Amino acid sequence: MARPGGRHPDAEFVDASALLWELRMIKSEAEIALIAECDRINGEGLAKAFGALKAGDSEMDVAREVSLALVAAGAWRPPYAQTLIVSESKSKSLGHTARMLGPLPDQILNPGELLFVDSGVVINGYWGEFNRMAVVGEPSADQSLRHDHIRTIVRRSIEEAIKPGVTFKSVIEKMASYYYDFGYSPEKIHNYLGKPFMHLCHGIGISASEPPFVRYDSEDVLKPGMVLSCEAYLPHEGMTYGSEEDIVVTDTGAEILSEPDPGLYVIPA
């Protein structure tokens with residue numbers, strides 16, 4: 001854009017956002033340490049919150065216990081407006097729109113039902129965030145199996161697919177093969193392989209979700225120093241199972257920054 005009459009009449013303003021994002025996508029050791037500390041706090045806080053809940057509590061009770069536990073574990077602040085809480089009762093009654101809503105006082109934790117919480121914390125401007133799941137009472141064999149499947153898909157993606165120099169598209173192709181290994185049909189992952197092209201990983205740093213987005217429609221490549229949240233989902237009988245880990249891409253593969261998903265937490269029935 002020319003500036004007539006200025007000192008540099010031939011100067012132009014150009015979009016440098018791609019350069020800035022390229023710089024932001026590669027994290028320093030200090031940045032990685034902050035994100036790892038956020039992950040430690042988030043993991044401890046969620047475990048404590050699940051232990052404080054009981055059958056009959058509402059989603060509002062879940063939100064309160066999660067916020068209190070995260071602050072007690074050392075968070076500067078929890079992401080109150082971004083904590084995603086989905087009880088099985090809400091999921092089955094409201095469908096996919098349930099994930100777009102905040103905690104509701106009329107949605108209750110019922111015995112035998114699942115609870116999904118995606119949360120995180122902020123320290124010195126940096127985020128760490130991931131989801132965990134719980135069940136009210138001892139899980140059924142099918143609940144344990146489905147959750148183990150999605151945990152395994154995330155772990156295999158991290159250990160086998162995510163490596164420096166690998167294209168985002170090839171990562172999604174490998175991730176899809178892990179679903180097939182468990183006998184799931186293409187319909188379970190159509191959103192990954194077709195529009196809107198859900199991501200397996202998103203960047204994390206001074207935003208909870210930022211570039212890069214590891215999607216099937218991208219030929220971009222993974223680079224050492226990228227810090228990503230790696231998440232996968234499995235819809236089944238009205239509820240969506242999920243697992244997520246924060247990782248950093250290394251020179252040879254990936255290192256998990258979060259305490260690995262231990263499986264379904266048990267809320268006393």
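Over the ring of which residue does the charged end of Lys-169 sit? In this predicted model, the ring belongs to Tyr-216, and its centre lies 5.0 Å from the charged end of Lys-169. A second arrangement of this kind involves Arg-99, whose charged end sits over the ring of Tyr-233 at 5.2 Å from the ring centre.

Rings also meet other rings here, and five aromatic pairs are found in the structure. One of them joins Phe-50 and Tyr-265: the ring centres are 5.0 Å apart and the planes meet at 35 degrees, so this pair is classed as tilted. A tilted pair is one that falls between the limits for the other two classes, with stacked planes under 30 degrees apart and edge-to-face planes over 60. Phe-50 belongs to helix α2, which covers residues 29–52, while Tyr-265 belongs to strand β9, residues 265–267; the pair therefore ties together parts of the chain that are 215 residues apart in sequence. With a relative accessible area of 2%, Phe-50 is buried.

Another aromatic pair, Tyr-179 with Tyr-184, is edge-to-face, with 65 degrees between the planes and 6.4 Å from centre to centre. Are these two tyrosines buried or exposed? Tyr-179 has a relative accessible area of 0% and is buried. Tyr-184, at 8% relative accessibility, counts as buried too, because the cut-off for that label is under 20%. Ring pairs also bring in Tyr-192, so that a cluster of Tyr-179, Tyr-184 and Tyr-192 is formed.

Attention now turns to strand β2, which spans residues 114–123 and is mostly covered, with ten of its ten residues buried. The cover extends to both faces of the strand. On one side lie Leu-114, Phe-116, Asp-118, Gly-120 and Val-122, and on the other Leu-115, Val-117, Ser-119, Val-121 and Ile-123, all of them buried.

Which strands pair with β2? Strand β1, made of residues 84–87, pairs with β2 in the antiparallel sense over four bridges. Within this pairing, Leu-84 has Asp-118 of β2 as its bridge partner; Asp-118 is also among the buried residues listed above. Strand β3, residues 126–136, is joined to β2 by ten bridges, and these two strands run antiparallel as well. Here Val-122 finds its bridge partner in Trp-127 of β3. Together, β2 and β3 make a hairpin with two residues between the strands. In the turn, Asn-124 has a positive phi of about 50 degrees.

Definitions and conventions. Residues numbered from 1 in each chain as written. Predicted model: local features only at pLDDT ≥ 70, side-chain atom pairs only at ≥ 80, totals over all residues. Heavy atoms only, no water. Buried < 20%, exposed > 50% of the residue type's maximum accessible area, 1.4 Å probe, protein only. Pairing = 2+ DSSP bridges. Phe/Tyr/Trp six-rings, centres within 6.5 Å; stacked < 30°, edge-to-face > 60°. Lys NZ or Arg CZ within 6 Å of the ring centre and 35° of its normal.
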